[in-house]
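Trainee: I should like to learn how to read the features of a model such as this one. May we begin with the backbone and then proceed to the whole chain?

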Amino acid sequence: MEITQTLESITIVTDDCDLYLNLIYKIRQSFANVIGTRDRIIIFYNENELIQRKYLLKFIANLYRKTVGSGVEFWLTHHKNIKLIYKNPTSLQILIDIDIKFEDSKVLFDLKNSEELFAKYLMRGFNDANCDYFPRQNWLFFTPKSQKDIDTLSNIINIKEHLKYTVNFNYNKDEFELFKRRFNALNSKEYKRKFTMLATLLEDHFHTLGCEVGDDYDTVRASYLNLIKIYHPDRNAIKSDEIKKSYTDKFQKIGLAYEALKPYFQEQKNFIKSQG
């Protein structure tokens, strides 16, 4: 770790990739006025963040003492920009291929050809709260919540150099454009006004299928297919007449609920297409 100070800034340089990612996470959690790229992040002065700034610099000073063996004193820090820079310790880049699939509301990264460290890097970049990581399958699901998340996604997959990695993100550009249009449509005021009201009117049908009001089509269909297997009359032929009747009634109710929700989802599709 190297630390340099000028009248305008404090610059911390590290070649420890994992440390860099952890510091980025702390910074993004604590500071609002921050910009960053794949290997550099800058914290700008904000008078409301002096306490966070004090604790961050104290934390970095302790890390510096542990790694270098000597102390560092930060002076006149209140109005300085703080820069954190990752310096690749070797010119040799690790080449990895990442396949990306776009689902209705999620982005799937197939990380079978990468290291766990790269998964951590993506999660830090996307905001951990929006990610679901399955290390056994090497899958990372990212669910954008805002336009900022979409912009972050575009920036990451359009850059090849990430820390010590050279990355080939393999994805269909037309599918990505469709995903962005769908996201914009689903988050528009017109969509929310129209379909929130419709979903409320169809509340009983969602609940019949074991779903929450407003769940997407894939969730509803998966639940429907699971329920009709459980309650199908052919699977319950050996049960008593009373139980068979209750299962048959439930089976019919499940079918009616699904049929009632299909036009709702078709209307959603038509709305999204109209926004393209």
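Mentor: Let us begin with a backbone angle. Just after α3, N127 adopts a positive phi of about 85°. Please keep in mind that this is a predicted model.

Trainee: Is helix α3 itself mostly covered or mostly uncovered?

Mentor: A residue is called buried when its relative accessible area is under 20%. In helix α3, which spans residues 116-126, eight of the 11 residues are buried, and the helix is thus mostly covered. The buried residues of α3 are L117, F118, A119, Y121, L122, M123, R124 and F126.

Trainee: What share of the residues of the chain counts as buried?

Mentor: Of its 276 residues, 37% count as buried.

Trainee: How should one read a single residue in a loop? Where does E49 lie?

Mentor: One may take its place, its cover and its neighbours in turn. E49 is in the loop between β4 (40-43) and α2 (50-68). Its relative accessible area is 7%, and E49 is therefore buried, since the cut-off is under 20%.

Trainee: Which residues does E49 touch, leaving aside those up to four places away in sequence?

Mentor: E49 touches S30, F31, A32 and N33. For one of these, N33, the C-alpha atom is separated from that of E49 by 9.4 Å, and the two residues are 16 apart along the chain.

Trainee: Next, the packing of helices. At roughly what angle do the axes of α6 and α9 cross?

Mentor: The axes of α6 (residues 189-201) and α9 (residues 241-274) cross at roughly 175° and come within 11 Å. Angles over 145 degrees count as roughly antiparallel, so α6 is roughly antiparallel to α9. On the α6 side, the contact is made by E190, Y191, K194, F195, L198 and A199; α9 contributes Y264, E267, Q268 and F271.

Trainee: How do the residues of that contact divide by character?

Mentor: Six are nonpolar, one is polar and three are charged.

Trainee: Finally, what can be said of the chain as a whole?

Mentor: Its secondary structure comprises nine helices and 11 strands. For overall form, one may set the radius of gyration against that of a compact globule. The chain has 25 Å, whereas a compact globule of 276 residues would have a value near 19 Å. The C-alpha trace spans about 80 × 40 × 35 Å along its principal axes.

Trainee: What part of the contacts joins residues 24 or more positions apart?

Mentor: Among contacts with a separation of 6 or more, such pairs account for 61%. As for the accessible surface, the chain has about 16500 Å², and 50% of this belongs to carbon and sulfur atoms.

Note on methods: Residues numbered from 1 in each chain as written. Predicted model: local features only at pLDDT ≥ 70, side-chain atom pairs only at ≥ 80, totals over all residues. Heavy atoms only, no water. Axes fitted to C-alpha atoms, helices over the stretch in contact; angles between N-to-C directions. Helix = DSSP H or I, 4+ residues; strand = E, 2+ residues; numbered from the N terminus. Parallel < 35°, antiparallel > 145°, perpendicular 65-115°, else oblique. Contact = heavy atoms within 4.5 Å. Nonpolar A, V, L, I, M, F, W, Y, C, P; charged D, E, K, R; others polar. Buried < 20%, exposed > 50% of the residue type's maximum accessible area, 1.4 Å probe, protein only. Rg over C-alpha atoms; globule rule 2.2 N^0.38 Å. Areas by Shrake-Rupley, 256 points an atom, 1.4 Å probe, with all protein chains shown as cover.
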